[in-house]
2 protein chains.
Amino acid sequence: LEAGTHRRMSEALVAALGERFAATTGSMGGPAIAIEMARGQPMSVIIGIPDEQACQTAQAILQNDHLKVEMTADVVGLELCSTLKNVYAIALGMCDGLVYGTNTKASLASLALAEMSRIAEALGGRRETAYGLAGLGDLITTGFSQHSRNRALGEKLAAGGWQEFLRTNTVEGVPACGAVGELIEPRGLTLPLFTMVHGVICHEQPAPEAMTRFLREFSYTGG
Amino acid sequence: LEAGTHRRMSEALVAALGERFAATTGSMGGPAIAIEMARGQPMSVIIGIPDEQACQTAQAILQNDHLKVEMTADVVGLELCSTLKNVYAIALGMCDGLVYGTNTKASLASLALAEMSRIAEALGGRRETAYGLAGLGDLITTGFSQHSRNRALGEKLAAGGWQEFLRTNTVEGVPACGAVGELIEPRGLTLPLFTMVHGVICHEQPAPEAMTRFLREFSYTGG
């Protein structure tokens, strides 16, 4: 999301290139840690381009034995999920910094996915997109990989060293957290996990206290 | 799933205890690796009991500062997801045995979740249950934790040593794979990942070849 304007990537591109490129400008998402990709490991991504024929052409060009390409018509959901997963990966990283295991991280990932689907839907995307490669797939990779800077920032927010880390690394989840916060603020959604991360990133609340309080006080309602 | 009868756990219990226990017999699912639980780490589980009052009582008794308890009315989906995730965790373990990273595992987890939701729905549960703690949450834990026997079996199926491992360990995903296969066979669902794992577990196809062929030949369709 572009700071200030809150435009998604394809919107920013079309604004720069001109309306005549709107139908053929799209995005790619999904679990794609670069170093694993460079090693030729099997993986899948998801592409969304408004023009169906252009999308199929892109799939045909990109797909090979190592890289499988899913297509979606939901460019909005795809781009929102690709942004949101960076924010939630910071939360999963905080768990690493607090030396919590997979039970804790998997609980938060479930919660993250529910919130991502709610945000995507509220902003014009489809819930289902969050349950696929662009949401769940990318969240798992970003939240569990040693190569993710968003996860690493969360770890350092909880265990120390985040100031130094931010001086030497660009971490997409930081500006994304602010932009998403501004964008969804008027919608009145219930997003307890996002709200906690937002407090840490945008209001400098100490991460160890914010996360442990969240985990202690959070409660499931309804059924 | 009970071998032969294909009864879910609560069905088998009610069959043994009597019909008058049907409304108050349920299940618990979600990410719950025992050793992490024993260490008092924060975690969440999900319970399903047909009688709403009994479910709320169980929640009130079980919930504390470390353990959060979500409730669901979908006992069928909860029990199916808790079974299915063991089967799919074997597939994620195979990736570890082939030294694939998180891109590969996250792609397969997305595919697993889509198949789990399809199976749960076809057998009378709700798709949404697969996207929560009982499906996604437990799949992440089981598929990524070093403490999971289902994941470990997958690793040894791909890298060697599975015969010895099965002699000394009970691995729930093995009988589950057979039972689920029998149960869904007449439904005609499209389940490429399940079919691959079923071929390895129930028809002794070599895991390294089955998994690498699957990853090479799999293709996304539709959009």
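The following numbered points concern a predicted model of two chains, A and B, covering the interface and then the sheet in each chain.

1. Extent of the interface. Chain B places 45 residues in contact with 46 residues of chain A. The size of an interface is often expressed as the accessible area lost when the parts come together. Between chain B and chain A about 3,800 Å² is buried, and 57% of that area lies on carbon and sulfur atoms. On the chain B side, the residues that lose the most area to chain A are B:Pro42, B:Asn103 and B:Tyr220, which together account for 19% of what that side buries.

2. Polar and ionic pairing. Which kinds of polar pairing link chain B and chain A? Residue pairs in polar contact number 28 between the two chains, counting pairs with both residues at pLDDT 80 or more. By contrast, the rule for salt bridges finds zero across this interface. The zero refers to a side-chain nitrogen of Lys or Arg within 4 Å of a carboxyl oxygen of Asp or Glu.

3. Elements that supply the chain B side. At least two residues each come from α2 (34-38), β2 (43-48), β3 (67-72), α5 (102-122), α7 (133-144) and α12 (207-217) of chain B. The largest share of this side, eight residues, is supplied by α5(B). In composition, the residues of chain B that touch chain A divide into 21 nonpolar, 18 polar and six charged.

4. The sheet of chain A. In chain A, three strands form an open sheet with the order β1-β2-β3 and mixed pairing. At its edges stand β1 (27-29) and β3 (67-72) of chain A, each of which pairs on one side only. From one strand to the next, the twist averages 30°. Strand β2 (residues 43-48) of chain A pairs with β3(A) in the parallel sense, over six bridges. Within this sheet, A:Ile47 has A:Met71 in β3(A) as its bridge partner.

5. A helix on the chain A sheet. Helix α3 (residues 52-62) of chain A lies across β1, β2 and β3 of chain A. Relative to β3(A), helix α3 of chain A runs at about 170°.

6. The sheet of chain B. Chain B also has an open sheet of three strands, ordered β1-β2-β3, and its pairing is mixed. Why is one side of β1 (27-29) and of β3 of chain B left without a neighbour in the sheet? Both strands stand at the edges with a single partner strand each, so one side of each has no neighbour there. Neighbouring strands of this sheet are turned by 30° against each other on average, direction ignored. The pairing of β2(B) with β3(B) is parallel and extends over six bridges. One residue pair to inspect is B:Ile46, whose bridge partner in β3(B) is B:Glu70.

Definitions and conventions
Residues numbered from 1 in each chain as written. Chains lettered and ligands numbered in written order. Predicted model: local features only at pLDDT ≥ 70, side-chain atom pairs only at ≥ 80, totals over all residues. Heavy atoms only, no water. Contact = heavy atoms within 4.5 Å. Buried area = accessible area lost by both parts, 1.4 Å probe. Polar contact = N/O pair within 3.5 Å; in protein donor to acceptor, adjacent residues only side chain to side chain. Helix = DSSP H or I, 4+ residues; strand = E, 2+ residues; numbered from the N terminus. Nonpolar A, V, L, I, M, F, W, Y, C, P; charged D, E, K, R; others polar. Pairing = 2+ DSSP bridges. Axes fitted to C-alpha atoms, helices over the stretch in contact; angles between N-to-C directions.
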